Amino acid sequence: VVSVQTNVGLGSGAIVRKNGYVVTNHHVIKGATVIRAVKWNKDAFSARLVGVDVNADVAVLKISGSHKELWFADARAIRVGEKVIALGNPGGLDFTVTEGIVSATNRLLPNGINYIQTDVPINPGNSGGPLVDKNGRIIGLNNFKIAGFEGIGFAIESNVVEDISDEIIAADEAAQS
């Protein structure tokens with residue numbers, strides 16, 4: 001997990017490939033001219049924007065070096081009531097862990113994207129961070145909460161994030177070779 005710091009704001013992300021590909025939300029980096037990814041040990045990396053899916057609110061970044069990665073879980077296996085953990089940087093409080101449960105699955109919103117509804121608090125800075133299952137696998141990408149309500153947060157399902165990020169990464173790797 002990384003803190004995604006830009007000249008326009010702060011969010012979170014997850015390293016999904018050992019060679020430095022990071023997933024986050026598009027709204028975390030939108031309008032940014034400077035993007036950094038900071039690991040828990042305070043190692044900071046300049047991040048290159050690789051690609052985005054604006055409709056799904058997914059962005060892929062690339063940092064240099066070799067890193068420990070998080071793996072995606074199959075969103076179809078998620079069950080209501082399952083314990084989950086949101087990892088991120090709410091309010092700039094680096095590398096915060098918050099536990100909750102899955103409140104609902106397959107919440108299809110008007111943008112055509114499936115979301116996981118959770119009672120885990122989602123606050124500014126959590127956006128783009130992973131929602132993980134008991135095995136430490138990504139089941140969603142924390143995205144937003146309903147304003148004025150507590151405990152109604154949404155994460156983009158892992159299958160959606162994985163498909164989008166795989167496509168963006170494959171295109172980037174092809175362009176680099």
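This is a short walk through one sheet, one helix and a few loop residues.

Okay, before we start: this is a predicted model, where local features need pLDDT of at least 70, side-chain atom pairs count only at pLDDT 80 or more, and totals for chains, interfaces and linings use all residues. Residues are numbered from 1 along each chain as its sequence is written, and side-chain values use heavy atoms, with hydrogens and water left out.

Let's begin with the sheet. It's an open one with seven strands in the order E5-E4-E1-E2-E3-E7-E6, and the pairing is antiparallel. When I say strand or helix, I mean DSSP runs numbered from the N terminus: helices are H or I with at least four residues, strands are E with at least two. Two strands pair if DSSP finds at least two bridges between them. At the edges sit E5 (44-46) and E6 (48-53), each pairing on one side only. From one strand to the next, the twist averages 30°; angles here run from 0 to 180 degrees between N-to-C directions, with axes as lines fitted to C-alpha atoms, for helices over the stretch in contact.

If you want one pair to look at, take E1 (residues 2-6) and E4 (residues 35-38): they run antiparallel and four bridges join them. Val-4 has Ala-37 in E4 standing opposite.

Now, what packs on this sheet? That's helix H2 (residues 158-176), which touches E3 (21-24), E6 and E7 (58-62), and its direction makes about 135° with that of E6. Touching, or contact, means heavy atoms within 4.5 Å. H2 has 19 residues and spans 26 Å from its first C-alpha to its last, close to the 27 Å expected at 1.5 Å a residue; that expected span is 1.5 Å times one less than the number of residues.

Which residues of H2 are buried? They are Ser-158, Val-160, Val-161, Ile-164, Ser-165, Ile-168, Ile-169 and Asp-172. They cover an arc of only 155° around the axis, which puts them on the same side of H2; the arc is taken from the directions from the helix axis to the C-beta atoms. As background, an α-helix has 3.6 residues a turn, so residues three or four places apart point the same way. Buried means under 20% relative accessible area, exposed over 50%, and partly exposed in between, with a 1.4 Å probe and protein chains only. The cover over those buried residues includes E3, E6, E7, E10 (114-118), E12 (138-145) and E13 (153-157). On the face turned away from the buried side, you'll find exposed Asp-163, Glu-167 and Ala-174.

On to the loops. Most residues other than glycine have a negative phi. Asp-57, in the loop between E6 and E7, has a positive phi of about 65° although it is not a glycine. Asp-57 counts as buried, at 12% relative accessibility. Phe-95 also has a positive phi, near 55°, and belongs to the loop between E8 (83-88) and E9 (96-108). Phe-95 is partly exposed, at 24%.

Last stop: is Lys-18 buried or exposed? At 52% relative accessibility, Lys-18 counts as exposed. You'll find Lys-18 in the loop between E2 (10-15) and E3. Its C-alpha is 5.5 Å from that of Glu-69, with the two residues 51 apart along the chain. Leaving out residues up to four places away in sequence, Lys-18 touches Gly-65, Ser-66, His-67 and Glu-69.
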